[in-house]
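Hi,

Here is the structure I said I would pass on. Have a look at it first, and then read my notes below.

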Amino acid sequence: MRFTYCPHCGRKLIKKEIGDEGKIPYCESCCIPLWDMFTTSIIAAVINEYHEVALLRQNYVSSAKHVCVAGVMKIGESAEQAVIREVKEEIGQDVETLEFISSYPYEAKEMLMLGYKAIVKKQELKLSGEVDSAEWVAFDNAVSLLKEGSIAWQLVKTVIGK
């Protein structure tokens, strides 16, 4: 989100030099800089003890390729809590171990995605209403089902060592 007006007082912002940051939107009335904001979300490569990764189909994301479990962090929630919650909500799995892999800027949606490896004991996938389908996919086949260059593709490649 890029501010044009102050969210506190509604006044139109000016550009003001702020230290090493350069010209930043600034409210002269409230005397505060208003940096561009982004949504923080998580993305998880969910893997099991059989060297499989859970890949989802969510037609509102892509009708052609699979995706990983992902979701927006809620206020007051840590990234790790968000991963555990989203994995349970979207595919009904209980996370046993989490490992942070990398952060991924997603400029098209003004998001920062925090990527994790989530290890679970394989159970039947129980899908939420926002997941059209999901399946356990062998590591050897997983990357080919993801959009090349996508954040999910980058994450899964790293997690499975391809």
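**What I found**

Going along the protein chain from the N terminus, the elements come in the order β-β-β-β-β-β-α-β-β-β-α-α. That gives three helices and nine strands. Before you go further, please keep in mind that this is a predicted model.

Let me start with the overall form. The C-alpha trace of the protein chain spans about 60 × 30 × 30 Å along its principal axes. Its radius of gyration is 19 Å, whereas the globule rule gives 15 Å for 162 residues, so the chain is more spread out than a compact globule.

How much of the chain is buried? Buried residues account for 41% of the 162 residues. As for the surface, the protein chain exposes about 9,300 Å², and carbon and sulfur atoms supply 51% of that. On the charge side, there are 19 positive and 23 negative charges, and their mean positions lie 4 Å apart.

I also checked how far along the sequence the contacts reach. Taking contacts between residues at least 6 apart in sequence, 56% of them join residues at least 24 apart.

A good residue to click on is Ala44, which you will find in strand 4 (residues 39-47). Is Ala44 buried or exposed? It counts as buried, because its relative accessibility is 0%, and the cut-off for buried is under 20%. Beyond its neighbours within four places in sequence, Ala44 is in contact with Cys68, Val69, Val83, Val87, Tyr116, Ala118 and Leu155. Try Ile151 as well: Ala44 and Ile151 are 107 residues apart in sequence, yet their C-alpha atoms are 10 Å apart in space.

Two of the contacts of Ala44, Val83 and Val87, are also among the buried residues of helix 1, so that helix is my next stop. Helix 1 covers residues 79-91, and at 1.5 Å a residue its 13 residues should span 18 Å; the end C-alpha atoms are 18 Å apart, which agrees.

Which residues of helix 1 are buried? They are Ala79, Ala82, Val83, Arg85, Glu86, Val87, Glu90 and Ile91. Many of these sit three or four places from one another, and here a general point helps. In an α-helix there are 3.6 residues a turn, so residues three or four places apart point the same way. What covers the buried residues of helix 1 includes strand 4, strand 5 (52-57), strand 6 (69-72), strand 7 (95-106), strand 8 (111-120) and strand 9 (133-138). Just after helix 1 comes Gly92, with a positive phi of about 70°.

Enjoy the browsing!

How values were computed:
Residues are numbered from 1 along each chain as its sequence is written. This is a predicted model: local features need pLDDT of at least 70, side-chain atom pairs count only at pLDDT 80 or more; totals for chains, interfaces and linings use all residues. Side-chain values use heavy atoms; hydrogens and water are left out. Helices (H or I, at least four residues) and strands (E, at least two) are DSSP runs, numbered from the N terminus. The radius of gyration is taken over C-alpha atoms; the globule rule is 2.2 Å times the number of residues to the power 0.38. Buried means under 20% relative accessible area, exposed over 50%, partly exposed in between (1.4 Å probe, protein chains only). Contact means heavy atoms within 4.5 Å. Accessible areas come from the Shrake-Rupley method with a 1.4 Å probe; for residues, only the protein chains shown count as cover. Lys and Arg count as positive and Asp and Glu as negative; His and the chain ends are not counted. The place of a charge is taken as NZ of Lys, CZ of Arg, CG of Asp or CD of Glu. The expected span of a helix is 1.5 Å times one less than its number of residues.
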